[in-house]
Amino acid sequence: MIFDEETVSGIVSDSAGNIFVNTRKGIFKENDEFGPWESACGETGCKQVFNRIFFDKTDNLWVSGESGLYIMQPDKTFKPVKEIYTSAEDLFPVSTDVFFSDSEGNVWVSDNSLVGALFVFKNDRTVEKYQLPDVNAEIVDIIDHEGQLFVVTKWSGVFGLEENGTLKPVPLWKKDVFVKRTFVDSKQRIWVVTLSNEIFVDIENDAIAFHVPGISGEAAIHSVLEDKNGNFWLMTNIGVASIKGKDADCFLNGGCSSVPAVVYGKKNGMASWECAE
């Protein structure tokens, strides 16, 4: 298999459910269900190495690397965003680790070269720069929660986008946490993975500690995902933990004192214990 000796830095899917995997050897697409993989860049393969890949709401594939920010074209080549969009100040992000597509299809990204800055690529092919009030804020996520856009930072809290286009600090959860990743589930609960590898779930602006036996306190937790059946998956450095949605609901509603989980690892066929995405 092509990924046996390659580090996978991202897995995304388009609206049709096609899976794309980003590696140091390029971006690969699943040719058929559980079938062979092919280069997403055509017969010649990808000419560059990318750190992040992302699909927007109209199935455009965005990629970011040391050489810049690009969008895949119909001929499977990559064009720099500055050749597609216009900026009144001629400012564009150099590269990004954070992508987000809002309800209108605009794409928001952070900028690795400008701390506290983010850009929105609009449907009219213009780009606008925003600056957080805290110029030292390190952006780790951009999320939509109950119809409002929020910018989540590692150390400096959360900033909400107001109707007048300004970003203001908001007490989204009543706890000081240092954030690694966030995730908004189908019930609009915000899951917060902290730098100390704890998980909190924000319910009505209160951060509830989510303790998972066998994982919490023992693992480096990387991310949380929800599948189409409402079950949750925790990606860690000691395996992948699966939690039934009804068990998570019971705990978060105060009806259960613990959360049962099934942890998958090498004994289940994984080549490594580590899973980041």
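So, D185 and R189: both of these are buried. Before I go on, keep in mind that we're looking at a predicted model. D185 and R189 make a salt bridge, and the closest N and O atoms sit 2.8 Å apart. Then there's K187, which forms a salt bridge with D249, with 2.6 Å between the closest N and O atoms. That second pair ties together distant parts of the chain: K187 is in the loop between β17 and β18, D249 is in helix α1, residues 245-252, and the two are 62 residues apart. How does D249 count, buried or exposed? D249 counts as buried, because its relative accessibility is 16%, and the cut-off for buried is under 20%. Now put these residues together: D185, K187, R189 and D249 are joined into one network by salt bridges that share partners.

How many salt bridges does a search of the whole structure find? Five. Another of these pairs is E128 with K122, where the closest N and O atoms are 2.7 Å apart. Here the accessibility reads differently on the screen, so let me go through the two ends. E128 is partly exposed, since its relative accessible area is 32%. K122 also lands in the partly exposed class, because its relative accessibility is 27%.

Okay, back to the loop with K187, and on along the chain from there. β18 covers residues 190-194 and β19 covers 199-203. These two strands pair in the antiparallel sense, over four bridges. If you want a register check, I190 stands opposite D202 in β19. β18 and β19 make a hairpin with four residues between them, and in that turn N197 has a positive phi of about 65°. N197 is a residue other than glycine, so to speak the one to click on if you like Ramachandran plots.

β19 has a second partner to talk about. Four bridges join β19 to β20, residues 206-209, and those two strands run antiparallel. For the register on this side, F200 has A209 in β20 as its bridge partner. This is a hairpin as well, with two residues between the strands, and E204 takes a positive phi near 50° in it. And how much of β19 is covered? Four of its five residues are buried, which makes β19 mostly covered.

Staying with backbone angles for a second, there's K76. K76 isn't a glycine, yet its phi is positive, about 70°. You'll find K76 in the loop between β7, residues 68-72, and β8. Is K76 buried or partly exposed? Partly exposed, because its relative accessible area is 39%.

Move past β8 and you come to S87, in the loop between β8, residues 78-80, and β9, residues 99-101. S87 is buried, because its relative accessible area is 18%. Its side chain reaches the backbone nitrogen of L91 at 3.0 Å. So that's a side-chain-to-backbone contact inside this stretch, and S87 is a buried residue.

Next, the surface. Which residues form a nonpolar patch there? W155, F178 and L195, with about 310 Å² of accessible area together. F178 sits in the loop between β16, residues 167-170, and β17, residues 179-184. F178 counts as partly exposed, because its relative accessibility is 45%.

Last stop, the N-terminal end of the strand numbering. Four strands form an open sheet there, in the order β1-β2-β3-β4, with antiparallel pairing. Which strands are at the edges? β1, residues 8-13, and β4, residues 37-39, each of them pairing on one side only. Neighbouring strands in this sheet are turned by 25° against each other on average, ignoring direction. In the middle of that order, β2, residues 19-23, pairs with β3, residues 26-30, in the antiparallel sense over four bridges. One place to look is N22, which stands opposite I27 in β3. As a general reminder, strands of a sheet pair through backbone hydrogen bonds, either parallel or antiparallel.

That's my tour. If you open one thing afterwards, try the network of D185, K187, R189 and D249.

Key
Residues are numbered from 1 along each chain as its sequence is written. This is a predicted model: local features need pLDDT of at least 70, side-chain atom pairs count only at pLDDT 80 or more; totals for chains, interfaces and linings use all residues. Side-chain values use heavy atoms; hydrogens and water are left out. Two strands pair if DSSP finds at least two bridges between them. Axes are lines fitted to C-alpha atoms, for helices over the stretch in contact, and angles run from 0 to 180 degrees between N-to-C directions. Patches are made of residues with over 30% relative accessible area and no salt bridge: like charges are joined within 9 Å, nonpolar side chains (Val, Leu, Ile, Met, Phe, Trp, Tyr) within 5 Å. Accessible areas come from the Shrake-Rupley method with a 1.4 Å probe; for residues, only the protein chains shown count as cover. A salt bridge is a side-chain nitrogen of Lys or Arg within 4 Å of a carboxyl oxygen of Asp or Glu. Buried means under 20% relative accessible area, exposed over 50%, partly exposed in between (1.4 Å probe, protein chains only). A polar contact is a pair of N or O atoms within 3.5 Å; within protein, one must be able to donate a hydrogen and the other to accept it, and residues adjacent in sequence count only if both atoms are side-chain atoms.
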